[in-house]
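Biologist: Could you take one part of this model and describe it closely for someone who works at the bench, and then place it among its surroundings? Please explain each term when you first use it.

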Amino acid sequence: MKPRLLVIISLVLILAVGIFFRFYKLGITPAGFYLDEAAMGYNAYSILKTSKDEFGKSMPLIFRSFLDFKTPLYTYLIVPLIPVLGLSIYVTRLPSAFFGVLTLPLIYLLIKEITPGKNTTKLALTATFIMAISPWHILLSRTSYETNLSLFFLILGIYTFYLGLKKPYLFIISALGLSLSFLSYHAERLIVPIVLLFLIITNFTTLTKNIRRYSIMVVIGIIFGLTLTWSTISLMRTPGFLSRTSTLNIFSYSRQFPAGYKPNYHGPLAGLVNSPALLSVNEFASLYLSYFSPRYLFSIGNADPKSSYPDLATYFVWQLPFYLIGLYFLIKDKKANPLRTIIILLLLVSPLPAALTRDPYTTIRSLPLVVPQTIVIALGLIKIFEFTKTSLKPFLAAPLCLLVGTGIISLYSSIFIINDYFRSYAWDYGPTKVVDYINKLPKNLPITFDNSRGESYIHLLFFTKYDPATYQKDNFEVLPDQYYTSMVRNKTKNIGRINYKQIDWGLDAERTKQYLIGDGLVISDHELIVHRLTKIADINNPDGSLALRIVETNPPQNEK
Amino acid sequence: MFKRGLVIFSQILILSFWPISFFLTNQPTNFEILSPSRVSLGNTVFVVSPLDYDTLVRSIGLFKSRSLARLEYNRLTPIFTKYSLNFFSLIDPNNYFFGFHPRENVIPNQNLIKFPPLSIIFFLTGLYLWGNLKYHRLIFSLSLVSILILSFLNIFDGFDLILFPPLALIIRHGLFEFSQKKSFLITPTLFLFCFISTIDLIRIVLVR
């Protein structure tokens, strides 16, 4: 078989594996639909129907979402899909899965473009395959996270930058990619400028040598990039834009003491011992290093149940030796080449935004790190085979194939079997299913849905496909001109016959005949007895734990 | 002379963190590390907790094919999971320099700061110039064997002190290699290291 044909077949097979793990049961698994996903889906629906989001703001530049502010690109990408495919979980997750798959060939092309010498194709194919079965990348491709979209555009921007050195018109595509990456996710607002600066510095000689050839396209690219990002940059100082930064930033002491602070110590050395600057720098260093920690990478993964799969970390255990070998060769190889430059750049820069936030090892905020680490593992694998005698290669390949095979089985069972059973609670399984139950309830009684925990109103809007115009008319939270600046919330919502508010037992159970919906903490067995409630249904998570409970009130006869 | 003094003081700091933390948390009157529960078979990964066993049984029940389930989830699964977690924790630099993470309470005492956080610079230098370290093969073999054995313990806190000598040697090697570089930044860096590490040590001793 011709080598070229073999490469194409290999690439097609790798893509098939990538597509399977990203698209199979996309609308069903993870079981449930997290509130951020529902918010993006419903706001896209609202934009489609009224050109305004749920708060009545016309075509927002960043989407207000509860008290968080989401980057806009993902939501706008869902809008054209709804008329064709309808509003569903699948459609909301579709852009993420689509761009997740597209990232795979892009990784292949990038490595092919920037790797010098022999083994380029082998390295590109191996890295693409490792990415195709990466639990980290798969998880974020199967859920509506903007970070995955942002990664695609970042890689596109880098790849077309290198292509642009040969064909200058591609600088425009590079500018487009980097700008869209900047617009797609908060973390990339720090990463993209550093990457761009680094690309310019490392290719400065080439760029200045051919200044005449490049100048027009570079200027067009800059204008194009600034036009796309300017409106977002102009919002950078608004409270809305800064809300995430101020809440999560480890250098913000207004909400929390720095880690290691000893509030009970007031001795003469308190100024030094409790110095916020020293403690925060220490915390930053520990957070930054956690992104290279074998414990997180190969054993624990992200501690958030939504951000990892059960029994799987971000990488497979068997990849550890290759990761270490790859790192060794990366450090020891002193020759400057674009591949080494890009790997080191992304390795060092990608954890920066995540390390500035309090949570240890968040895979969502550090997603660009998956690219250099995957390439490092692939590099380790290639080097091992390079240094192994030909006669011994089968003895290395056989156990490796076995490990990859068992890894794929683990991946399948964790994603499609174990995760749905054990972690559906984290994916808002109860609120995802509650509308099916509500639709079966007689229409003559009102419903009160407790709002003590979560933001389930967005699930009600999404799954009932509630008319956005009516919702905007009946629910006021913020004036359009204060959309990016006001941090005031109105947690009470009116959605047709459903009142989304905190249950007032005296009023709601003792005076009004209605249905109440809440979790097991609000409507406990004790409340059932005390308020003489009739249980209509318990909505259980797949593991049998109670997610939501629906009851009917029975107020005394003389009161209404 | 000043630089030499800084190097000696840096060594003292590097060598003092772990033993001081260890003795502050394991008082001679209550030397928990030698209690029967810590040195028995019960403190090994081979003893599976009822919760882990229950999770295992429920996981197996989710598969249509029992044999596929057994391939993925069997008696070895919780043992391997715990063993690999211990192994990766023991080779994790964050464990030794930051107590895993400042906000992470792994188990009591397991996340002690074992070396000054800034000494990670010397540790990485020591690793990078690993080949120049005397007896590096012996140090590597002893460390690896120790880690492989310690990983069998359910809670390796206290017992992991046996890793102190090899790690201290690597950091000390890195410190020497670092201090011998001819750069105007070396002395200020060593001074900064001594200053910040002294504060860290005070924090450990005074505010425990």
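Modeller: I will begin with the sheet, and go on to a helix, some loops and the second chain.

This is a predicted model, in which local features need pLDDT of at least 70 and side-chain atom pairs count only at pLDDT 80 or more, while totals for chains, interfaces and linings use all residues. Residues are numbered from 1 along each chain as its sequence is written, and chains are lettered from A and ligands numbered from 1 in the order in which they are written.

Chain A holds an open sheet of 6 strands, with mixed pairing and the order E4-E5-E3-E6-E8-E7. Strand E4 (493–495) and strand E7 (534–540) of chain A form its edges, and since each has a single partner strand, one side of each is left without a neighbour in the sheet. From one strand to the next the twist averages 20°. Helices (H or I, at least four residues) and strands (E, at least two) are DSSP runs numbered from the N terminus, and two strands pair if DSSP finds at least two bridges between them. In general, strands of a sheet pair through backbone hydrogen bonds, either parallel or antiparallel.

Strand E3 (residues 447–450) of chain A shows this pairing on both of its sides. It runs parallel to strand E5 (residues 498–501) of chain A, to which 4 bridges join it, and there Phe449(A) stands opposite Tyr500(A). With strand E6 (residues 515–518) of chain A, E3(A) also pairs in the parallel sense, over 3 bridges, and here Thr448(A) has Leu516(A) as its bridge partner. Helix H23 (residues 457–464) of chain A lies across E3, E4 and E5 of chain A and runs at about 20° to E4(A). Such angles run from 0 to 180 degrees between N-to-C directions, with axes that are lines fitted to C-alpha atoms, for helices over the stretch in contact.

Which residues of helix H17(A) are buried? They are Leu320(A), Phe322(A), Tyr323(A) and Gly326(A), where buried means that 20 or more other C-beta atoms lie within 10 Å of the residue's own, exposed that 12 or fewer do, and partly exposed anything in between, with C-beta atoms placed from the backbone. These residues are on the same side of H17(A) because they cover an arc of only 160° around the axis, the arc being that of the directions from the helix axis to the C-beta atoms. The face turned away from the buried side of H17(A) carries the exposed residues Ile331(A) and Lys332(A). Helix H16 (294–300) and helix H20 (370–387) of chain A are among the elements that cover the buried residues. H17(A) itself (residues 320–332) has 13 residues and reaches 18 Å from its first C-alpha to its last, close to the 18 Å expected at 1.5 Å a residue, a span taken as 1.5 Å times one less than the number of residues.

Elsewhere in chain A, Leu199(A) is found in helix H10 (residues 188–202) and is buried, with 23 other C-beta atoms within 10 Å. Leaving aside residues up to four places away in sequence, Leu199(A) touches Ile158(A) and Phe161(A), contact requiring C-beta atoms, placed from the backbone, to lie within 7 Å.

The loops hold some backbone features worth a look. Pro30(A), in the loop between helix H1 (3–23) and helix H2 (35–50) of chain A, follows a cis peptide bond from Thr29(A), with omega near 0°. Ser51(A), in the loop between H2 and strand E1 (63–65) of chain A, has phi near 65°, a positive value in a residue other than glycine. Ser51(A) counts as exposed because 12 C-beta neighbours lie inside 10 Å.

Chain B, by its elements, has 9 helices and 0 strands, and of its 208 residues 30% count as buried. Its contact with chain A takes 25 residues from chain B and 29 residues from chain A. On the side of chain B that touches chain A, H9(B) gives the most, with 5 residues. By class, that side of chain B has 15 nonpolar, 5 polar and 5 charged residues, where Ala, Val, Leu, Ile, Met, Phe, Trp, Tyr, Cys and Pro count as nonpolar, Asp, Glu, Lys and Arg as charged, and the others, Gly among them, as polar.

Note on methods. Two residues are in contact if their C-beta atoms, placed from the backbone, lie within 7 Å.
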